[in-house]
Amino acid sequence: MRLILLLSLVLKASSLRISFSPKRLSLSSRLSVSQSIGIDGLTEPPIAPFGRGEKGRSFEDKWLLGGKGANLAEMSAIGLSVPPGFTITTECCREYCDSSSWNGSLPPPLWDAILAEVKVVEDKMSASFGSKDGGTPLLLSVRSGAAISMPGMMDTVLNLGMNDDVVLTLADKSGNERFAWDSYRRFLEMFGNVVLGIPRIDFEEEMDNLKYERGFFEDSELQVSDLKDVVAKFKGVYASNDHAFPTDVEEQLRLAIGAVFGGWNGDRAIKYREVENIRNLLGTAVNVQSMVFGNMGSTSGTGVCFTRDPNNGGKDLFGEFLIDAQGEDVVAGIRTPQPISELESAMPEVFKEFKENTQILERHYGDMQDIEFTVQEGKLFMLQTRNGKRGGEAAVKIAVDFVAEGLIDKRQAIEKVLPEHLDQLLHPSFSDTESPEYKSAVVTSGLPASPGAAVGEICFTNEKVVSNAEKKIPSVLVRDETSPDDVAGMYASEGILTARGGMTSHAAVVARGWGRPCICGCAALKIDEAAGTLTITNEDGSSVVLKEGDYISLNGNTGEVMSEKMAVSPPAMKADLAEFMGWVDEIKQIDVLANADTPDDAAEARRNGAVGIGLVRTEHMFFEPERIGEVRKLILAKTPEKEAEALANLLPFQRSDFEGIFKAMDGYPVTIRLLDPPLHEFLPSLSDTQILESLSSELGITVPELKETIKTAEEVNPMLGLRGCRLGVTRPTIIEMQVRGVIEAALNAIEKGVDAKPDIMIPLVGKVQEFKDQEALVRATAATVFAERGKECDYRVGTMIEIPRAALTAHKIAEHAEFFSFGSNDLTQMTFGYSRDDVGTFIPEYKSKGILTDDPFVTIDQEGVGQLIKMTTEKGRSVKPDLKIGVCGEHGGDPRSVEFFNEAGLSYVSCSPFRVPIARLAAAQAAVKKQ
């Protein structure tokens, strides 16, 4: 592959293009080339050209060229019809935005190189930028393109190079005066908004007023004279906003490149990266490309197409196009486009070539593609391609189908499905959609742009949606159309409903990427934001008026809108998903268990593929109404007899729950943590008069005496107080009752044919002596039960590693413990000194200032907590090479944490039952990445 660097001084003199091959050129020599043209801060050549037959960089260089630039280079190399242009690298964006030497401007050597490359494009297109010699005008597009797709978040300028002289030349050369003036008015609006920051509504109001005055409804009805008037009015918009329209086309290009670079640090781009957890990118590349025109009449058009259905993964092309239009018309929702299937009848030869190109691209990239294309007077141009965003159902089906078609192997397929995709598949959907109740609730329908079920309050603004989310109120964002400024509300919403736009509009693409149900193009909607009403008027004349705050339901699979709350049901695993998860289990190297506290939770975990229980929190079994009273009697008992009575009453509950869990996990290990939290957490509030009166009566004491006892039980710092193994050391009868419940339940289950495998886990050990004390108690109790029953069963005794001292002395604890399990939540609390319950007061500020990149209670802190985990693993296995070591904190279901645990050599992760499929996938992807 060849990468082209334009040396400004040479190029200005002779238009000579110098090529370099990265495979043969050392980094130091590339550096010297960049330095030779005086561009500070760059380690790579700043410009890479593309166009049909151009042998530029490969897709592997997308970190430098951005996804769009890398794809343009690849499409060029494989011979597709790509309009020529060049990419300015992400390194330049970094320096433009952050470097004091660049200071928000383009250095002269780089600018000279850009102008020289424009000359190359002029030669390829036989056109002139600015039409200086009266030749065919060259118009350019200036687009952003980061290494990771950020649809709609960055800026684009089309038709750059227009001015009062060029529009006349373009009209003469094209023989289409309307096309020329239409291109001019589009450029004025886009350049003014994107580059100069003039509000788009200022232009829209001028256009709407003119159409109203002249009795037009559609932009396409405007005649040449009307468009000339629009251009004049748009220039007036510039003046009213204290801007002068730059007629110098080179100045237009310089300003546009700067605006696209500057957009990297814009509010909506920053918000999108935060939401999508996108980090460590240099910036956005800028792609400067020769314009081709879809608005040159009935033989021209433009479109957007996915090579497969991004909703369900079907093999048919999925997209839309418009005749006599430019690219932004399709995605902006200004006109309702035609489905891509109708292109075959409108332009048969173009459709045939386009379909062949989609097959070439799928074979080349091994993935479903999202393509933008333009047809100019019957000639097809491929503007860009990228791996298409897709929903969960589609991601799995596409991965399975690509393997069946021989396009990728199973390991590659594993990488095509994101953990978020499985998360989408685990969300509920509407219940019986054929029932009369459902059908009668449907008030209108639109385009089913993103699948799933959403139920929430109607909200017309981002602010209302975000406010509702903070109050835990579900919302549906209802808009005429969405824009990149709506990302905060879209992300916080349950679903999105728009009056305009198609299946590839901004709302549709973003919603699919985030797994939000979305219905677009619902023409029956009329939104009156000021009045706070939504009027739905259908073709039969019937209408429904809803208010902001009313509940509606969206079916993103069918496009149906319901005017009330609808019942939902959990999803069912389809054959494609079952096959895919079979591959996941073949490839993953780390087991996935579940945290489950009830037999129902355990059964759900098994259905989701868990191969055991990594954490049974025995204290969670005590919170049911009939049990909490006995726990309180136990805590407050004044005599051994009262304590024994309470323990005897609790034992059947524990035994029954354990037996149910063993049955659900037949043949798989069940790790049961002995009582961990401080006992005072089970006591009632001093303000709960009714409970205090009832409890005092049962205990035979007065309410004031009970209150005093409760106060005595409180601790200043309970997280570090009497809990975990300390509770077992000081109140051994509680541990004896729990161990008896475990062993008796195991024996009962075994008698019924269940293969019970109990693991008993001692919490919060910091010293080996604590473990030895509790282990002796466990084994003595088990021995007593065995003697009473005349039967035995296998069991193991291990410990949680959640105190840094335990990590430091893991080799000593491993001499006695049969397994380790990291309590990563407490280990994180004690390593950082953060209270998990209080971090919300400062974590956002820490993240915004770069002190933390992640919430350490969501994603494991590899630098600190992670080192303790690695050290514990090494120390423990230095004593027992086969020591079973896992993690049972919340991190066990976080994909990035799972990757770390796999790398650290842990035996298993344990997470909530509903996160099990996601953890399984994350484990498989970690194995693929590691290999």
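**Exercise 1. Compare the radius of gyration of the protein chain with that of a compact globule.**

Solution. The radius of gyration is taken over C-alpha atoms, and the globule rule is 2.2 Å times the number of residues to the power 0.38. For 931 residues, a compact globule would have a value near 30 Å. The protein chain has 33 Å, which agrees. The C-alpha trace spans about 105 × 70 × 50 Å along its principal axes.

The model is predicted: local features need pLDDT of at least 70, side-chain atom pairs count only at pLDDT 80 or more, and totals for chains, interfaces and linings use all residues. Residues are numbered from 1 along each chain as its sequence is written, and side-chain values use heavy atoms, with hydrogens and water left out.

**Exercise 2. Describe the protein chain through its helices and strands, its buried residues and its contacts.**

Solution. Begin with the secondary structure: the protein chain has 37 helices and 35 strands. These are DSSP runs numbered from the N terminus, helices being H or I with at least four residues and strands E with at least two. Next, take burial: 55% of the 931 residues are buried. Buried means under 20% relative accessible area, exposed means over 50%, and partly exposed is in between (1.4 Å probe, protein chains only). Last, take the contacts (heavy atoms within 4.5 Å). Of those with a separation of 6 or more, 69% join residues 24 or more positions apart.

**Exercise 3. Find the largest nonpolar core and the helix that gives the largest share of it.**

Solution. A nonpolar core is a set of buried Ala, Val, Leu, Ile, Met, Phe, Trp, Tyr and Cys residues joined through side-chain atoms within 4.5 Å. The largest one has 86 residues. Those with the most contacts inside this core are Ile88, Ile114, Val142, Val157, Leu253, Ile257 and Phe261. Helix H7 (residues 177-194) supplies its largest share, nine residues. Apart from this core lies another, of 69 residues, including Ile762, Ile813, Phe900 and Ala904.

Now take Val157: leaving out residues up to four places away in sequence, Val157 touches Leu140, Ser141, Val142, Phe187, Met190, Phe191, Val194, Val195 and Ala256.

**Exercise 4. Place Leu636 and Thr533 in the secondary structure and state whether each is buried or exposed.**

Solution. Leu636 lies in helix H24 (residues 625-636). Its relative accessible area is 6%, so Leu636 is buried. Among residues beyond four places in sequence, Leu636 touches Leu683, Leu695, Leu699, Leu706 and Thr709. Gly66 is 570 residues from Leu636 in sequence and 65 Å from it in space, C-alpha to C-alpha.

Thr533 belongs to strand S23 (residues 533-537). Thr533 counts as buried because its relative accessibility is 17%. Not counting neighbours within four places in sequence, its contacts are Phe460, Lys526, Ile527, Asp528, Val545, Leu546 and Lys547.

**Exercise 5. Locate Ser126, Asp324 and Glu481 in their loops.**

Solution. Ser126 sits in the loop between helix H5 (108-125) and strand S5 (128-129). Its phi is near 50 degrees, a positive value in a residue other than glycine. With a relative accessible area of 61%, Ser126 is exposed.

Asp324 is in the loop between strand S11 (318-323) and helix H12 (327-332). Phi of Asp324 is near 55 degrees, a positive value in a residue other than glycine. Asp324 is partly exposed, at 29% relative accessible area.

Glu481 occupies the loop between strand S19 (475-479) and helix H20 (487-492). Its relative accessible area is 27%, so Glu481 is partly exposed.
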